[in-house]
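This report introduces a single protein model to a reader who has not met it before. Please keep the sequence and the structure in view while reading.

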Amino acid sequence: MQIPSKYNAIEAENKWYDYWMKNNYFHSEPDDREPYTIVIPPPNVTGVLHMGHMLNNTIQDVLIRRARLQGKNACWVPGTDHASIATEAKVVAKLKEQGIDKNDLTRDQFLAHAWEWTEEYGGVILEQLKKLGCSCDWDRTKFTMDDDMSEAVIKVFVDLHEKGLIYRGYRMVNWDPEAKTTLSDEEVIHEERQGNLYYINYKIEGSEDTLTIATTRPETIFGDTAICINPEDERFAHLRGKKAIVPISNRVIPIIEDDYVDIEFGTGCLKVTPAHDENDKNLGDKHKLEVIDIFHEDATLNSFGLQFEGQDRFVARKNVAKELETLGVLVKTETHMNKVGTSERTKAVIEPRLSDQWFLKMEELVKPAIEAVLGEEAEIKLFPKKFENTYRHWMENIRDWNISRQLLWGQQIPAYFYGDGKEDFVVAETIELAVEKAQKVTGKADLKAEDLKQDTDALDTWFSSWLWPMSVFDGIRNPENEEIKYYYPTNDLVTGPDILFFWVARMIIAGYEYKDQKPFNNVYLTGLVRDKQRRKMSKSLGNSPDALKLIEEYSADGVRVGLLLSSAAGNDLMFDEALCQQGKGFGNKIWNAFNLTNLWEVSDTIVQPESSKIALDWYQSKFSEALLEIEDHFSKYRLSDALMAIYKLVYDDFCGWLLEIVKPAYQQPIDAATYNKVMSIFEDNLKILHPFMPFLSEEIWQYIAERTPEEALIVAKWPEAKPVNKELIAQFEFASEVISGIRTVRKEKNIAFKDAIGFSVINNENSNTAFDTVIAKLGNLEAIDYVKEPVEGALTFRVKSNEYFIPMDGAIDVEAEIVKLTEELKYTEGFLKSVQKKLSNERFVAGAPEQVIANERNKEADALAKIETLKSSLASLKS
């Protein structure tokens, strides 16, 4: 076959991905093999490929391709998440562009638009993953809003409600005024922000007295229903039992006493606004205070805000402060740092709000999930282990989960109201079952579907994705089906630590509740992708490269290698495009190595040289040693380390040493025994490279020989480690230092490589002579002469205690060399004196760390050895 001199990545990537798809290599069905299963963390249907996805999915593909090569039945289930808030926001924005207001549409009309948007944009990210080389079982692609997936979610809701674990409650919730929905505590990000602390005077009813309160939110005074003082605070003893007047609105509110108030904080007086602060709500419940909600759902003031009605809360804050100043009751304003809750999705500042919501009781559900990860016989391992502390913190401080959202896009809560009361509802999987239940509850046999009204709220997106490892195999609707029994529990989950609680912990909870089994064995938590300045990559900073352009420029394999070279397990990844260039360069190195072997003419009549034989034996041991190291790295999810071990093996040992040793002389053939073994080794290299560089490795594999689809690299057999000859490896290490010494002398003395040179050695080390043929070939030596005494008039160098001699024979200018060596000797002697001066300083030796002292002693030993060699070289030159 005619092999191109340069590797064409784009052509190879398209060709081999199509070939893999055509031959159905990615598809899995239950059979007699050991299953290896990964479920993808479903990216949002709104998403496009970013660097985090690239890293996460590269790792998953490495694991799945390796499992396939190991002969396992590898199944990687892809899919997308409907992402309630994000998708609804996109659809609302698109409708707005068309002049349509979401509020003017019925639920069905809005959902039609949402499905249309999803069908148009929803598959983009999965198509992009194909460009990266991801070998997902695309026939199994799932979407969290698929009919069967939604049915599973509703079934679980009904089941948990019947178990008494789901309840409806009027609670203080996190309200996102931009998305106009509640959020769970975990979806709120707390940020330090600078604001103001406003000191406001409230008049005491029936007197000229005032009291001062400090607040960061003057606009909420319209919701004040009490002032609270500490009963132990003597400063305010005279106010007990009295009433205060709220500025602007002039409402009269009671002054109450509670030891909740911190005497030391602020003024020692606290305004109580039960509708807009959780702690105030608890105080309000305790003291039976009125609750006044002053906000619309978009956080503009309602009619309780008087003349500020309709103003956004932040606009109102400034205007209320001005009004208070005008009235002479704003005592002072100070800058103040405080924690502000913001929405993870919309970045809007969260508003605490009282609302009827659905909650899931977590206290009992969480216990098996804590034991599974943190118990003495933990079934699930987190990599890196440090994340166990984060997991423990979340799980041991868990609160009931607010699972309802005021959205249209998502699974609609299956609660059906048959009356006007808050508790007049039934929960059922279908409207037909709901009618039956409602008839029984009410005793009205003539109740019909149209008499029931379904709750308009949708379920939290995470309430569907927490079932993902089960629902993708239909394990909720059909718990005994063949697929769930075969593929579940899955093997590895690869995800980011930012969703350790949101998703990972909840999947573990669901797994034990519905299968009484863990959902996966191992969780590999990747770091965040950051730029070289350690900033998180984001669109707003403009520091996130276009993933597809990177692939176009550096090849999919180059980008995969670049990502993994910069990624250590669990630590943030400092992404640098130079690493993708390094990945591309590595691919070119391998391609050029293959091209070199392809240029060789092979002869069946030539006897295998001894140098080739010993080199091949050495590489076989080196390969097996590396393979054991790679397996160890994989077992610990140190994929970057596994790749680096492969990189060094192929780049340094295979390309840098083995091919150089076995390479035939210019225009000479290579013996068949060596060539066949080299190609067999090349194939083994390609097998371990394949998970990391699937396209390049398949391209070379298919060029090496004509292959049937059953013989493709993607389904080849992972190599087995053979016995490692440690002694042979050590002997080569020594020989390579000798070769490097010869090359250095040649380079420094301008001795042409084509000129064979004499070579003598005093073998003080009793080093093995097995690699002498290799040293002779790579050094282009006339012979290797073992001697007892130094060779006069020769250049010398040392490896350990062995001394090597290269006769000059007019190859160099002796006088110039004497001058050069004399200068080098003088410099080294001076350096030695400075080191010995340090070591003779008792204060330095007593105070310096052990490692520093050891380094100085090493410098001393190296300098002494170098001086001896230089003196020996000078003596031989002058004789």
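The text below treats aromatic pairs, charges over rings, a helix contact, unusual backbone geometry and two buried residues. The model is predicted.

## Aromatic pairs

A pair of aromatic rings is described by the distance of the centres and the angle of the planes. In this model the count comes to 44 aromatic pairs. One of them joins Phe383 and Tyr637, whose ring centres are 4.5 Å apart and whose planes stand at 40°, so the pair is tilted. This pair connects distant parts of the chain, its members being 254 residues apart. Phe383 belongs to strand 15 (residues 381-383), while Tyr637 lies in the loop between helix 19 (610-635) and helix 20 (639-662). Both ends of the pair can be placed relative to the surface: Phe383 is buried, with a relative accessible area of 16%, and Tyr637 is buried, with a value of 8%.

A further pair is formed by Trp591 and Phe594, with 6.1 Å from centre to centre and 65° between the planes. The cut-off for an edge-to-face pair is an angle over 60 degrees, and the pair of Trp591 and Phe594 is accordingly classed as edge-to-face. Trp591 and Phe594 are both in helix 18 (residues 577-599); because they are 3 residues apart there, about one helical turn separates them. Trp591 is buried at a relative accessible area of 2%, and Phe594 is likewise counted as buried, at 3%.

Trp591 and Phe594 also take part in one aromatic cluster. Among the other members of that cluster are Tyr7, Trp618, Tyr619, Phe623, Phe654 and Trp657. The cluster further includes Phe682, Tyr703, Phe732 and Phe771.

## Charges over rings

Arginine side chains are placed over aromatic rings as well. The charged end of Arg66 sits over the ring of Trp718, at 5.6 Å from the ring centre. Arg171 lies over the face of Phe359, and here the distance to the ring centre is 4.8 Å.

## A contact between two helices

Two packed helices are described by the angle between their axes and the distance between the axes. Helix 17 (residues 556-565) and helix 22 (residues 694-704) have axes that come within 7 Å and cross at roughly 130°. The two helices are therefore oblique to each other. On the side of helix 17, the residues that meet helix 22 are Ala556, Asp557 and Arg560. Their counterparts in helix 22 are Pro694, Phe695 and Leu696. Sorted by class, this contact has 4 nonpolar, no polar and 2 charged residues.

## Unusual backbone geometry

Most residues other than glycine have a negative phi, and most peptide bonds are trans. The table lists sites in this model that depart from these patterns.

| Site | Feature | Value |
|---|---|---|
| Phe383 to Pro384 | cis peptide bond | omega about -5° |
| Tyr488 to Pro489 | cis peptide bond | omega near 0° |
| Lys347 | positive phi, not a glycine | phi about 70° |
| Asn766 | positive phi, not a glycine | phi about 55° |

Phe383, already met in the tilted ring pair, is thus also joined to Pro384 by a cis peptide bond. Pro384 is placed in the loop between strand 15 and helix 10 (387-396). Pro489 is found in the loop between helix 14 (482-487) and strand 22 (490-495).

Lys347 lies in the loop between strand 13 (330-343) and strand 14 (351-360). With a relative accessible area of 53%, Lys347 is exposed. Asn766 is in the loop between strand 28 (760-762) and helix 24 (772-779), and at 67% relative accessibility it counts as exposed.

## Two buried residues

Where in the fold is Gln60 found? Gln60 lies in helix 2 (residues 51-69). At 0% relative accessibility, Gln60 counts as buried. Not counting residues up to four places away in sequence, Gln60 touches Ile38, Val39, Ile40, Pro41, Trp76 and Val494.

Ser28, in turn, has its place in the loop between helix 1 (9-22) and strand 1 (35-39). Is Ser28 buried or exposed? Ser28 counts as buried, at 1% relative accessibility. Leaving aside neighbours within four places in sequence, Ser28 is in contact with Asn73, Ala74, Cys75, Asp137, Arg140 and Tyr487. Ser28 and Gln517 are 489 residues apart in sequence, and 22 Å apart in space from C-alpha to C-alpha.

Notes: Residues are numbered from 1 along each chain as its sequence is written. This is a predicted model: local features need pLDDT of at least 70, side-chain atom pairs count only at pLDDT 80 or more; totals for chains, interfaces and linings use all residues. Side-chain values use heavy atoms; hydrogens and water are left out. Axes are lines fitted to C-alpha atoms, for helices over the stretch in contact, and angles run from 0 to 180 degrees between N-to-C directions. Helices (H or I, at least four residues) and strands (E, at least two) are DSSP runs, numbered from the N terminus. Angles under 35 degrees count as roughly parallel, over 145 as roughly antiparallel, 65 to 115 as roughly perpendicular and the rest as oblique. Contact means heavy atoms within 4.5 Å. Ala, Val, Leu, Ile, Met, Phe, Trp, Tyr, Cys and Pro count as nonpolar, Asp, Glu, Lys and Arg as charged, and the others, Gly among them, as polar. Rings of Phe, Tyr and Trp (its six-membered ring) pair if their centres lie within 6.5 Å; planes under 30 degrees apart count as stacked, over 60 as edge-to-face and the rest as tilted. Buried means under 20% relative accessible area, exposed over 50%, partly exposed in between (1.4 Å probe, protein chains only). A charge sits over a ring if NZ of Lys or CZ of Arg is within 6 Å of the ring centre and within 35 degrees of the ring normal.
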